[in-house]
Protein chains: 2
Amino acid sequence: MRADALQNRERLLAAATTMFSEHGLDVSVGEIADAAGIGRATVFRNFPTKDHLIAAVVSERMSEAAAAAGKLLESETDDAEIVFKLIEDIAGRQQANRALLEVLSEEWFAYPEMQAAHAELLGAVDAVLERGKRAGSVRPEVTSDDVLVLLKGMCMNPAIFDASNATAGLRYLELVRAAITTPAFSRPLGGVPTLPRG
Amino acid sequence: MRADALQNRERLLAAATTMFSEHGLDVSVGEIADAAGIGRATVFRNFPTKDHLIAAVVSERMSEAAAAAGKLLESETDDAEIVFKLIEDIAGRQQANRALLEVLSEEWFAYPEMQAAHAELLGAVDAVLERGKRAGSVRPEVTSDDVLVLLKGMCMNPAIFDASNATAGLRYLELVRAAITTPAFSRPLGGVPTLPRG
DNA sequence: ACCTGAACACCGTTCAAGT
DNA sequence: ACCTGAACACCGTTCAAGT
């Protein structure tokens, strides 16, 4: 691979990363190319389709989330609270990177990187859930699927949850917590709901 | 208004209703026009933008959901269970009409019909919640916002919840139930999570 | 008055022409 | 080898030309 070609590829990946984080997956290929300082067609020389570019970029961010969950496991966090720390962490990543959970749907499992990163994340979440279950704070039936599906619900509603509306995000996390907590560890819902009223 | 124009408008609304229910909001104006048997430009003679057409069609469906909630209130349903009946009803409507909850986001509140229908639905859900709270099955802090936001999370993930995947939908409803139920009325999560595994 | 094919500015994607 | 402007088929939207 030629040196200039490699540099173009790196610029493209960097630009795509920031554009997707800030604006979600809807940013156009043209805008990404402009931000990278390369021609539109060069994007398609590196990735056969826009979706392949998305898979390459977002699967990286998903792996990072999985790694963070792994580190959390090695930290000295209280077993009963560790799941909720993880949920906060993933939610925070979603706030910093709008595309992170947007990508949790069937269509993306066709991409190997995405499937791998997703499996990593599911595995890490399961390990954390296990600790919570042993501590008695998490319902034994809860799976990592449940947690990720609930978190995805959050990211899909920009009115409810975006970086500028932290309180609504907190409320949603309270609902997620309530959904997966055992009655013994149940507590009142904090935060305030913020859907605009009629 | 001329008779043929009125007929065109009705055909357009009927076609848009079925197309949006079956395929969500992404169906193109061209496809709707073809299904209605009218020219593409005629759509824009009746509605200034595609979004105005969406608002007209989907706000109707949302009002129907609100009306159904009203009828549920007048039925002899057990107070402790009525909220969960309502959630099932709305989820069923979402399965029959993919566009119903897709439209629950800030951008749509600019449309008066949408805002009105949304207020109707919130009001009806609140009334049902009130019954559940008095019966002790629903946490006192839960609002209609919470319920609709959680239900929207379901509709945004076609892999988790579509008409062909009823079991995944059931599981999600169990999570919603767990999120809003009081510890006293808590029960184990039923159903099986179905996110594809790595 | 109302209808609509053709045209416009966008999108993702392809390709011929450049170095 | 690699890059890229121009072109293509789509989209939502507009408009001039038709009845």
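Student: Why are α1(A) and α4(A) of this predicted model called roughly perpendicular to each other?
Tutor: Take the crossing angle. The axes of helix α1 (residues 3-23) and helix α4 (residues 50-74) of chain A come within 10 Å and cross at roughly 80°. Angles of 65 to 115 degrees count as roughly perpendicular. The two helices are therefore roughly perpendicular.

Student: Which residues in α1(A) and α4(A) meet?
Tutor: From α1(A) come A:L13, A:A16, A:T17 and A:F20. From α4(A) come A:L53, A:I54, A:V57 and A:V58.

Student: What is the make-up of that contact by class?
Tutor: Seven residues are nonpolar, one is polar and none is charged. Ala, Val, Leu, Ile and Phe are among those that count as nonpolar.

Student: Which residues come nearest to DNA strand D?
Tutor: A:G39, A:A41, B:S28, B:A41 and B:K50, out of 19 residues around the strand. Being near takes a C-beta atom within 6 Å.

Student: Which elements supply at least two residues each to the surface near DNA strand D?
Tutor: α1 and α3 (40-46) of chain A, with α2 (29-36) and α3 (40-46) of chain B. The largest share, four residues, comes from α3(A). By class, the surface has seven nonpolar, six polar and six charged residues.

Student: How many residues of chain B are in contact with chain A?
Tutor: 37 residues of chain B, against 37 of chain A. On the chain B side, α6 (112-135), α7 (144-155) and α8 (166-180) each give two or more residues. The largest share, eight residues, comes from α7(B). That side has 23 nonpolar, eight polar and six charged residues.

Note on methods:
Residues are numbered from 1 along each chain as its sequence is written. Chains are lettered from A and ligands numbered from 1 in the order in which they are written. This is a predicted model: local features need pLDDT of at least 70, side-chain atom pairs count only at pLDDT 80 or more; totals for chains, interfaces and linings use all residues. Axes are lines fitted to C-alpha atoms, for helices over the stretch in contact, and angles run from 0 to 180 degrees between N-to-C directions. Angles under 35 degrees count as roughly parallel, over 145 as roughly antiparallel, 65 to 115 as roughly perpendicular and the rest as oblique. Two residues are in contact if their C-beta atoms, placed from the backbone, lie within 7 Å.
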